[in-house]
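User: I've got this model loaded and I'd like a close look at one part of the sheet, then how that part sits in the rest of the chain. Can you walk me through it?

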Amino acid sequence: MIRIGIIGYGYWGPHIVRNFHSIEGCDVTIVCDKRTEALGRVKQAHPSVQVTSDIGEALSATNVDAVAIVTPVWTHFELAKAALENGKHVFVEKPFTSTAAQAEELIELAEKKNLRIMVDHTFLFTGAVKKIRQLIDEGALGRLFYYDSTRVNLGLFQHDVNVIWDLAPHDLSIMDYLIKDKVEAIVATGEKHLNAHEDIAFITVYFQNNIIAHINVNWLSPVKVRTTLIGGEKKMVVWNDLEADEKVKIYDKGVQITNREGVYDLLVSYRSGDMWAPRVEQTEALKAECGYFIDCIKNSTTPFNDGRSGLKVVKMLEAANQSIRERGRIVPI
Ligand SMILES: NC(=O)c1ccc[n+]([C@@H]2O[C@H](COP(=O)([O-])OP(=O)(O)OC[C@H]3O[C@@H](n4cnc5c(N)ncnc54)[C@H](O)[C@@H]3O)[C@@H](O)[C@H]2O)c1
């Protein structure tokens, strides 16, 4: 039995508690939040779980093997470091840390103590992302050209981070999972309107081999959009995460360019074939991810969404912030 302590029971914490609670071979023993109102909600939903507002008690509890950190990003480093120092495995929310240096320190500490770190990049466990990864791995899309995502809605405004640190970790982790080529540079622009943090931003990521990605994140959109286009030489994907069914559609569309000898004009031909929607697994991604964390602890294996994958995302977020500050300067990675 792996015993879990969970820190943070705000918006996302209840989902984490519920999912760990539902996994066989895992016991949620303690939930910690500094707000007593939150602890009241824990007691109502899970009467058998011990609650505390004392972070030291949760981090050092002898009936806890692993700690899930579901608090704002600026608290992740201190809490994760203390958990590791107390010999606990760590499940930490995205984004992993506020700086790459903090992420590197935690990775080193976990390795020294032979403990696991898993960063909650929930989308990597969705049926849609798994299906797209399978299509790419099988070569169905052909050479990749681009990844283009729109992730916009009205709110929820974060007080400690800008819209990039809130929403872009999803796309950056998905891209890191789908695209094998290395990231070379980032350009980002954005603007703040209501407080000290950007509420709208546009990020461009340059990869090796001419792959380009664009992410549009916005807290001031009148409608919620979660649509990603992935263009390949052979096929193109449209992933609309808000669709109940048929989230992923594959288009057999493309462009072919031939340049015959003696003909100076390019000969462009367009292919417009079928569209189909493959079956996509419908299980709750977070449940699969929580189960995978427990398995990684039991089997002493390193999760693919470990500290190093969290670090890659933090490096891209830092580069995006730097680029925004300099009004879109290209920042090498
Ligand atoms: N994976 C996802 O899809 C997803 C979705 C939403 C949020 N998140 C992440 O989850 C984290 C939390 O986000 P949220 O929206 O739930 O925030 P929130 O502000 O709603 O909740 C955070 C909770 O942590 C508590 N807290 C803060 N510092 C604490 C401390 N030192 N000790 C004990 N409790 C403390 C607060 O009282 C609050 O109840 C963030 O890192 C966010 O990026 C991930």
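Analyst: Strand 12 and strand 13 (residues 248-258) run antiparallel to each other, paired over four bridges. To find the register, look for V238, whose bridge partner in strand 13 is K249. Bear in mind that this is a predicted model.

On its other pairing, strand 12 meets strand 11 through five bridges, again antiparallel. Here M236 of strand 12 is the bridge partner of G231. Three residues sit between strand 11 and strand 12, and the two strands make a hairpin.

Strand 12 itself (residues 236-240) has two faces worth colouring separately. V237 and W239 make up the covered face, while M236, V238 and N240 are on the uncovered one. So both residues I used to fix the register, M236 and V238, belong to the uncovered face.

Going on from strand 11 (residues 220-232), you get to strand 7 (residues 144-154), which pairs with strand 11 in the antiparallel sense over nine bridges. A handy marker there is L154, which stands opposite L220 in strand 11.

Now zoom out to the whole sheet. It's an open one of nine strands, in the order 14-13-12-11-7-10-9-8-15, and the pairing is mixed. Strand 14 (267-276) and strand 15 (331-332) each have a single partner strand and stand at the edges, so one side of each has no neighbour in the sheet. Over by strand 15, helix 9 (residues 307-325) lies across that strand as well as strand 8 (183-191) and strand 9 (200-207), and its angle to strand 8 is about 50 degrees.

What about the packing? The largest nonpolar core counts 78 residues, and F96, I164, L172, M175, L178 and V205 have the most contacts inside it. Helix 7 (residues 163-178) is the biggest contributor to this core, giving ten residues. If you select F96 and skip its neighbours within four places in sequence, its contacts include H76, I117 and V119, along with G307, G310, L311 and V314. Those last four fall within helix 9 (residues 307-325), the helix that lies across the nine-strand sheet's strands 8, 9 and 15. Another core, of 24 residues, lies apart from this one, with I2, V49, L286 and I294 among its members.

There's a second sheet to compare with: an open one of six strands, in the order 3-2-1-4-5-6, with parallel pairing. Strand 3 (50-52) and strand 6 are its edge strands, each pairing on one side only. From one strand to the next, the twist averages 20 degrees. At the strand 3 end, strand 2 and strand 3 pair in parallel over three bridges, and V31 has V51 of strand 3 as its bridge partner.

Helix 1 (residues 13-21) has G13, I16, V17, N19 and F20 as its buried residues. They pack against strand 1 (2-7), strand 2 (26-32), strand 4 (66-69), strand 5 (89-93) and strand 6 (117-120), plus helix 8 (285-299).

As for the chain overall, it has nine helices and 15 strands. Its radius of gyration is 22 Å, close to the 20 Å from the globule rule for 333 residues, so the chain is as compact as a globular protein of that length. Of the 333 residues, 51% count as buried.

How values were computed:
Residues numbered from 1 in each chain as written. Predicted model: local features only at pLDDT ≥ 70, side-chain atom pairs only at ≥ 80, totals over all residues. Heavy atoms only, no water. Buried < 20%, exposed > 50% of the residue type's maximum accessible area, 1.4 Å probe, protein only. Contact = heavy atoms within 4.5 Å. Pairing = 2+ DSSP bridges. Axes fitted to C-alpha atoms, helices over the stretch in contact; angles between N-to-C directions. Rg over C-alpha atoms; globule rule 2.2 N^0.38 Å. Core = buried A, V, L, I, M, F, W, Y, C linked by side-chain atoms within 4.5 Å.
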